Every structure is written in structure tokens, then in C-alpha cells.
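Colleague: Could you take me closely through one part of this model, starting from a single residue and working outwards to the strands around it?

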Amino acid sequence: MRVVLPPNLRALARVEGEIEVDPEHSTANAVIDAIEERFPMLRGTIRDLYTNRRRSHVRFFACERDLSHEPLDAPLPDAVASGSEPFLIVGAISGG
Amino acid sequence: MSGVRVLVGTKKGAFVLTADGKRESWTVDGPHFPGWEIYHVKGSPVDPNRIYASQTSSWFGQVMQRSNDGGRTWETVGNEFKYDGETGTHQWYDGTPHPWAFARVWHLEPSLHDRDTVYAGVEDAALFKSTDGGATWSELAGLRTHSTGSSWQPGAGGMCLHTILLDGAHPGRIYTAISAAGAFRSDDDGASWKPINKGLHSNFMPDPDAEVGHCVHRIAMHPSRPNTLFMQKHWDVMRSDDAGDTWREVSGNLPTDFGFPIDVHAHDPETIYVVPITSDSHHFPPDGKLRVYRSTTGGNEWEALTNGLPQRNCYVNVLRDAMAVDRLDDCGIYFGTTGGSVYVSPDGGDTWREIVRDLPGVLSVEVQTLA
């Protein structure tokens, strides 16, 4: 599955461009699990370590849709699951 | 040849400033972790190549960094700060109960004896300890669960544990300070704590002399005289000579006794430094003049140090963790400003020079004295 990380997390993970992960399921939670397994330094940066909820200034986009408010265990769009579209993790434009 | 390494945390990354013992010619390395708030960077007194850094972001949370080569390269370590047991509540700004929730690490204090042991002071206020180089963290929960904890309230910057002093002369003794709860002391390695705020007077509280609730900004101690503590409070500069059991005011002739940092000369435990700020509502120096004040009498009698510091149109602040001293002879004094300048005085405060300017706002300054 293709994932685009925000610049600060790309720098933290020392990657450029898209990353690819192989989650167990096609859900945001499974994608984040797979990201954190492959890049342990990103643990807790997308999903709060203590509540397991999406961090409030992080957004999830895919297929020109805002998926941020979908349950984290909801299925992702087929185009994301198939790899034809990336799953975008975005640092919200908040704070100026 | 001896030298110094200054570790600077800013609102948008960390910088490492190095110089030889003359402290005249500086190399500026950074930004490390660009774009992230670096609340604090501090090296181990046992192994100066071991450095810990608190990297944080309102977007992406807390990341902890560790260096084993004096800050040239870094690796992430554990970032899970889980409160031990029932978290309970403290007071929110409006006086209602508010659940304790981890926000960030404000201050890191490496052990005096073991490079892999380090303490972390966090928001919401609690003390954590790692004995494996930062890989895992355990709360010393006796502080947060003190009987007064439910009455603690955050200061404007959050309810942060910002000061950790390790007393090398009294094994097991640790001091901490929390805004706005006050100062606390443990004599059993952090297992149990007592508030040490007797003598503090805070007019913003319903009971100005209450046991807790004081907005302590910073405490400093000279290692050779560990029962003497100096405190910059929200208002008032204070001194204790009995390990915090009682305090007395030593603001003396300061132009204002509001401020954030306070530090002690490396070789003279009665020489102390503060940076007076106009007021709690005007966080900038009086009259647009950036002046460090020095007392060589342990307080009460203060002199303004201005040589090399801007004396007109200067409206920066110096935050609580943004002052440090080296151990060279003469003792070097360092501070960083919210305007992004870092200053050094290589002669105990007599003269100052700007090491670097136009960095992001400086959150913390520490210095390592290198052999």
C-alpha cells in the first residue's frame, strides 16, 4: 500500500517520497501499525500513544476525500487497498 | 585543549555551538530536527558524548533523541510516558477537575553517576526516570500522587515540571519544581515527596502563603553547597539555606523581581544571576534594555551587567531553561533569547558577546565543559 507522510515525519523516518507498507488489513489502524513496525521512530506521531486516536492536528486523505473522521478500523477505499491511489497523512494547516 | 559545547533548544530545531576555552570563535552546527520544538538538550556529566534531547510538536507529539557522539548524530529512543496507575485529576484553569494527560517533556536531567540514567520532567506535571538510556521510562509516581496533587493548577505555559536538581552530596535527594504548584523535595530517590514552599508569598492565590500553588519559575543550586537553593518565582527572587524547608526573599535592589532563569557561578556559590523582566503581563526587559543582574552576596545586592548587551529597543525574553554556566576559569555565563540570540560572557558576566543571532526563539541553553 502506498503512503505519503508529511515532511516532518519523512525527515524523522529518513525517507523521501512515498513509502510502501504491507498492512494486515485495509484500514487506517492497520496502515499505522505497519508504518510503526517498519519505522519505529514514528511510533505515536500519527496516532496518540495513550488514547489510540488520530492525533488532532493530523489528517487522512485519499481519493480526494477527507477520511479523518472515519473510524480508524473502517475499510479504506479500494483504490488505496489496491495501490492505485496513495493514503495521504497530512499535517493540518493549523497554527499559522 | 579545553573547550565548551553549548546545546541550544529552539522553537524550530536544535543547535550545537562549540568553541575553545577562549570562547571567542564559535562554530554553529544545526538545525538538528528542523521544524520541531526542542524543549531541552542536555549531556551526561559522566559521558559528555551522551546527550539527550526532547523533540516535540503540537502536530506529531513527543519524540526523544539520544546522541552518543556529542550531538553529531542522533537516534530516537523511547517516547512512551505512561502515568503509573490511576491518573486522577488536577485543577484546570477554570478550577474544574481535569484528568492528567501527557503533553511533552520540558526538562531532562541526566544522572550524576550513570550515563544511561536520566530523569524527565513532563507536562502534565510528573517525573519520569529511565535507566536504559531513554529506551523505556517509568514514572516516579509519588510526586504526582502527592495528597496536594488534585489542587495543582497549570501556569500559562501548561502544568509543567521544569526543574530537576540532583543533589550529589545527599544520596537520594532530588528537588523538582512545577508551575504552578511549587517546589518539592524527595529524600528517597523520588519515592516520596514533600512540598518545600514555606516562605513563598504569591498574591495571585486566595491564600498567598498556601502550601502549594506557587508559580516557581526556576531553582538553582551550587553542587558544593547543596542545602542552599536560589529561586526565581513568578514574582520574587528567593533563597533557602535549609534545603528548601524555609525561604526568604533576596530581590533586594533589582529593578523588577519578575523573571524566569536563575543560575549560580561555577566557582562561587554566593554569586548568582537573573534576568529581570518587566512584569507578568510585559514579558520583556524594563526600558528596552537587556540586563543580566549579578549578586556576589547571594542576593539582596545586585548589579546590572550591560557591557555587550543591547541597551535600547530590546524586547525579548529569556526563558527559564535558557541560562547556563560553564566550569572554565573564568566561569562562562550563557543565555538565549526569544529573539533567537545566544550570548556568552567569558568573564563571569563583566562583558558579553553575541555568539549567534536570528535563530528561532530559544527555549533552552545548556553548556558542557570539555577537557
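Modeller: This is a predicted model, and a good place to begin is B:Leu363, which counts as buried because 25 C-beta neighbours lie inside 10 Å of it, where 20 or more are needed for that label. B:Leu363 lies in strand S30 of chain B, which runs over residues 362–370. Leaving aside the neighbours within four places in sequence, the contacts of B:Leu363 are with B:Gly9, B:Thr10 and B:Lys11, with B:Glu37, B:Ile38 and B:Tyr39, and with B:Leu319, B:Asp321 and B:Ala322. Of these, B:Leu319 is 44 residues away in sequence, while the C-alpha to C-alpha separation of B:Leu363 and B:Leu319 is 6.2 Å.

Another strand of chain B invites the question of burial along a whole element. In strand S19 of chain B (residues 229–233), 5 of the 5 residues are buried, so the strand is largely enclosed by the rest of the structure. In a regular strand the side chains alternate between the two faces of the sheet. For S19(B) both faces are covered, with B:Leu229, B:Met231 and B:Lys233 buried on one side and B:Phe230 and B:Gln232 buried on the other. S19(B) pairs in the antiparallel sense with strand S18 of chain B (residues 216–221) over 5 bridges, and also in the antiparallel sense with strand S20 of chain B (residues 237–240) over 4 bridges. B:Phe230 takes part in both pairings, since its bridge partners include B:Ala220 and, in S20(B), B:Arg239. The hairpin of S19(B) and S20(B) has 3 residues between the strands, and B:Asp236 there takes a positive phi near 90°.

Chain A offers a sheet and a helix to set beside this. Its 5 strands form an open sheet in the order S2-S1-S5-S3-S4, with mixed pairing; S2 (19–20) and S4 (65–66) of chain A stand at the edges with a single partner strand each, so one side of each is left without a neighbour in the sheet. Within this sheet, S1(A) and S5(A) pair in the parallel sense over 2 bridges, and A:Val3 stands opposite A:Phe87 in S5(A). In helix H2 of chain A (residues 28–38), the buried residues include A:Ala28, A:Val31, A:Ile32 and A:Ile35. Seen down the axis of H2(A), its buried residues fall within an arc of 95°, so they line one face of the helix. Strands S1 (2–4), S3 (58–62) and S5 (87–91) of chain A are among the elements that cover them.

Notes:
Residues numbered from 1 in each chain as written. Chains lettered and ligands numbered in written order. Predicted model: local features only at pLDDT ≥ 70, side-chain atom pairs only at ≥ 80, totals over all residues. Buried ≥ 20, exposed ≤ 12 C-beta atoms within 10 Å, placed from the backbone. Arc of directions from axis to C-beta. Contact = placed C-beta atoms within 7 Å. Pairing = 2+ DSSP bridges.
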